[in-house]
Amino acid sequence: MNASGQPAEGGYLLGLDLGGTRLKVLALDPAGIEIRRETVPTDGPDWKANVLECVSGFSTRLGHPMAVGVAAAGLPSADGKSIAFMPGRLPGLEGLTWTGFLQSPLPVPVLNDAHAALLGEFWMGAARGMRDVILLTLGTGVGGAILSDGNLLRGHIGRAGHFGHISINAHGPPDLVNTPGSLEDAIGNQSIRSRSGGRYSATADLVADVTGGDPTASAIWNRMIRDLAVGISSLINVLDPEAVLIGGGIAAAGDALFRPLSAELDRIEWRPDGHQVKILSTRLGDWAGAYGAAFHALSHHDTHR
């Protein structure tokens, strides 16, 4: 610390989690203790200028960070320096090399946002101390990530963890990546209007009616829970995790989600010798991706120094 009580230059990590409407920026010390956080809008044509202004503000207040990491939606490039594939969102994101964009003297590693969220939960959240964990993020769509033996599983092209695009109905309509009857279409907020016959435009409104005892809402919700349990049990059989973390906006339903989900898994989960996989809520909320981006940057810093 310097005389003002701020970290000395080079003594903190900066994690950036870039979304379609806002950027979350988190400064942490190397032990994961929060120093400062900010959000800035990204839903306009000046999103890049907003990012640069925010990052510059952190450097002005705290000195230059020792390492910077970025999380964003899409598939990262093979070298981990940019997002290679994310059509239709944030014009200018695809192919943007963040090391040069931020004029960083050290490489700025880039991760998929769901992968980063799981790293954040592994470092400072609900998965701390675990080595085999999967994360499902339930929101507008369904994302995910896999930690296997303490290592983030990226797959051959960085596609691993796209749990929303597993099929739970071989005869269902194709989703946006052409998967028939996908988990995302079965439970994601983006399809709630069609699944409810136009009755609901947001899952939160459905849950409110479920807790109020509405039988039609309960029937829709119970089908969602069943579909989610089928997806989770299938993933458990493939990946054999110690725990399944559930986050995202739909997870805010709390007991209305977790209690019936646990009951459904009691019925269908394969439990050799009585072994039951833990179903846990994420702990870091919307900031998990920023934590994970910072942790990923710290790992790269330790490798390059």
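**Helix crossing and sheet packing**

Helix 6 and helix 7 cross in a left-handed way, meaning the near helix is turned anticlockwise from the far one by less than a right angle. This is a predicted model, where local features need pLDDT of at least 70, side-chain atom pairs count only at pLDDT 80 or more, and totals for chains, interfaces and linings use all residues. Residues are numbered from 1 along each chain as its sequence is written, and side-chain values use heavy atoms, with hydrogens and water left out.

**The helix pair**
- The axes of helix 6 (residues 203–211) and helix 7 (residues 215–239) come within 8 Å and cross at roughly 115 degrees (axes are fitted to C-alpha atoms, for helices over the stretch in contact; angles run from 0 to 180 degrees between N-to-C directions).
- Helix 6 brings Thr203, Leu206, Val207, Asp209 and Val210 to the contact, and helix 7 brings Ala217, Ser218, Ile220, Trp221 and Met224 (contact means heavy atoms within 4.5 Å).
- Helices (H or I, at least four residues) and strands (E, at least two) are DSSP runs, numbered from the N terminus.

**The sheet**
- There's an open sheet of 5 strands, ordered 3-2-1-4-7, with mixed pairing (strands pair if DSSP finds at least two bridges between them).
- Strand 3 (34–41) and strand 7 (110–112) sit at the edges, each pairing on one side only.
- Strand 4 (residues 67–72) and strand 7 run parallel, joined by 3 bridges; Ala72 stands opposite Asn112 in strand 7.

**Helices on the sheet**
- Helix 1 (residues 47–62) packs on the sheet and touches strand 1 (13–18), strand 2 (22–28) and strand 3, making about 160 degrees with the direction of strand 3.
- Helix 3 (residues 113–124) also packs there, touching strand 1, strand 2, strand 4 and strand 7, at about 95 degrees to strand 7.
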